[in-house]
Amino acid sequence: MVRHMANPLTPDVLADPVVLTRALVDVESVSRNEKAIADYVQEVLEQAPHLTTDRHGNTLMARTNLGRQQRVVLAGHLDTVPINNNFPSTVVDDLIYGCGTSDMKSGVALALHLVATLSDPCYDLTFLFYEAEEIDSQYNGLNLVAQAHPEWLLADFAVLLEPTYGVVEAGCQGTQRALIRTSGRRAHTARAWRGVNAIHAAGEVLRRLEDYRPRTVTIDGCTYREGLNAVRIAGGVAGNVVPDECTVEVNLRFAPDRTEKQALEHLNEVFEGFDVEVTDSAAGALPGLSAAPAREFLAAVGAEPAAKLGWTDVARFAALGIPALNYGPGDPLLAHAPDEHVEIGKIRDGATTLHRWLAGN
Ligand SMILES: [Zn+2]
């Protein structure tokens, strides 16, 4: 391995999750530029005698083989969105500012801190540090590993250390986009009675959206709020033509008790009598909080879980039948913001909680 500078992730740095967060933030790793940080992390993993390490692109997997009854994944992405006058890190009072502080190098720091300080966990552990989460999913390291080495992901439970401000956010909602099409017959507007106006017909589609009452669903104590919204509308031929086609694009956010197929059935129900064409769809993920490691994790955190409303990489684990949730020290509302920062206290709390859970005491 060719290195351009000494690895900043020294044993002293690894011993303190706050110092480690800053050290990670200060290695620039905008998506597609993760080689340097991946090299440093790989060296840390390879120095841990209780782990075996593998690499795929700039994604690293390291795991224990202690013969424990159950295996837990701790995962985090190494990349950040482009820097925005917020590099390198700075500290003001008990806040660390900088690109990636919240999303999600403080989370990665918690995992790497465990690598360095917990050699005898009560579960077998798999650490995943992956590339390119912030850009198109064709580059996403977790996605690439799921295709190339699906066995790397196998576990009984997974925690993604994405920013949740110290709250457990379980499962995630699914999303489906569809075009609702109305048709008519073209005519000159001077003889409009000879045509049928497809844009007027879309009025009924909009009325149904306006009248729509989204469901609220509680699963494993997590409350999911669905939504169905028009996000775009298109139609019209010319200033003097009765239009023969109009499409309303809708986005359904659905709770994870519906499959993608059931979500589509629901859209067909809502828009009965209209043509519904799905253009994009992603399944949600059930919270899966009944697995034993999940219950013990919730006990260690000591707070009620909340539902994750957006789509996240936990769904990639769910697709493999592995319950997964998000838990990290960053504030999700600050992710990708120029004033992105993380509270030092949240990093310390997170480190203590994970240690308590995984040391089994
Ligand atoms: Zn993230």
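## Exercise 1. A buried acid at the metal

Task: Decide whether Asp103 is buried or exposed, then place this residue in the zinc site of the predicted model.

Solution.
- Step 1. Asp103 has a relative accessible area of 7%. The cut-off for buried is under 20%, so Asp103 is buried.
- Step 2. List the protein donors of the zinc ion. They are His77 through NE2, Asp103 through OD and Glu162 through OE. These donors lie 1.9 to 2.2 Å from the ion.
- Step 3. Read the spacing along the chain. The donors follow H-x25-D-x58-E.
- Step 4. Locate two of the donors. Asp103 sits in helix H4, and Glu162 in the loop between S7 and strand S8 (169–170). The two are 59 residues apart, so the pair links distant parts of the chain.
- Step 5. Check Glu162 as well. Its relative accessible area is 11%, so Glu162 is buried.
- Step 6. Look at the backbone after Asp103. The peptide bond joining Asp103 and Met104 is cis, with omega about -5°. Met104 lies in helix H4.

## Exercise 2. The rings around Trp357

Task: Classify the ring pairs that Trp357 forms with Tyr123 and with Phe157.

Solution.
- Step 1. Start with the whole structure. A search finds six aromatic pairs.
- Step 2. Take Tyr123 and Trp357. Their ring centres are 5.9 Å apart and their planes meet at 55°. An angle over 60 degrees would count as edge-to-face and one under 30 as stacked. The pair is therefore tilted.
- Step 3. Place both residues. Tyr123 is in the loop between helix H4 (101–117) and strand S6 (124–130), and Trp357 is in helix H10 (residues 344–359). The pair thus ties together parts that are 234 residues apart in sequence.
- Step 4. Check burial. Tyr123 counts as buried at 5% relative accessibility. Trp357 is buried too, with a relative accessible area of 3%.
- Step 5. Take Phe157 and Trp357. The centres are 6.0 Å apart and the planes are at 85°, which is edge-to-face. Phe157 lies in strand S7 (residues 157–160), and the pair links parts of the chain 200 residues apart. Both Phe157 and Trp357 are buried.
- Step 6. Widen the view. Tyr123, Phe157, Phe297, Tyr327 and Trp357 form one aromatic cluster.

## Exercise 3. Helix H10 and the core

Task: Find which residues of H10 are buried, and relate Trp357 to the largest nonpolar core.

Solution.
- Step 1. Test the length of H10. At 1.5 Å a residue, its 16 residues should span 22 Å. The end C-alpha atoms are 22 Å apart, which agrees.
- Step 2. List the buried residues of H10: Ile344, Ile347, Gly350, Ala351, Thr353, Leu354, Trp357 and Leu358.
- Step 3. Recall the helix rule. An α-helix has 3.6 residues a turn, so residues three or four places apart point the same way.
- Step 4. Go to the core. The largest nonpolar core has 61 residues, and those with the most contacts inside it are Leu9, Leu112 and Trp357. H4 gives the most to this core, with eight residues.
- Step 5. Examine the contacts of Trp357 beyond four places in sequence. Among them are Val72, Leu74, Cys122, Val159, Pro293 and Ala300.
- Step 6. Note another residue, Lys346. Its charged end sits over the ring of Tyr165, 4.2 Å from the ring centre.
- Step 7. Close the helix. Gly360 follows H10 and has a positive phi, near 70°.

## Exercise 4. Backbone exceptions

Task: Compare Asn85 and Ala132: which is buried and which is exposed?

Solution.
- Step 1. Find the phi values. Asn85 has a positive phi of about 55° although it is not a glycine. Ala132 has a positive phi of about 60°, and it is not a glycine either.
- Step 2. Place the two. Asn85 is in the loop between S3 and S4. Ala132 is in the loop between S6 and helix H5 (141–148).
- Step 3. Read accessibility. Asn85, at 84%, is exposed. Ala132, at 1%, is buried.
- Step 4. Add the cis bond from Phe87 to Pro88, with omega near -5°. Pro88 lies in the loop between strand S3 (71–77) and strand S4 (90–92).

Key
Residues are numbered from 1 along each chain as its sequence is written. This is a predicted model: local features need pLDDT of at least 70, side-chain atom pairs count only at pLDDT 80 or more; totals for chains, interfaces and linings use all residues. Side-chain values use heavy atoms; hydrogens and water are left out. Rings of Phe, Tyr and Trp (its six-membered ring) pair if their centres lie within 6.5 Å; planes under 30 degrees apart count as stacked, over 60 as edge-to-face and the rest as tilted. Helices (H or I, at least four residues) and strands (E, at least two) are DSSP runs, numbered from the N terminus. Buried means under 20% relative accessible area, exposed over 50%, partly exposed in between (1.4 Å probe, protein chains only). A charge sits over a ring if NZ of Lys or CZ of Arg is within 6 Å of the ring centre and within 35 degrees of the ring normal. Donors are N, O and S atoms within 2.8 Å of the metal (3.2 Å for Na, K and Ca); water is not among the atoms, so sites may look incomplete. A nonpolar core is a set of buried Ala, Val, Leu, Ile, Met, Phe, Trp, Tyr and Cys residues joined through side-chain atoms within 4.5 Å. Contact means heavy atoms within 4.5 Å. The expected span of a helix is 1.5 Å times one less than its number of residues.
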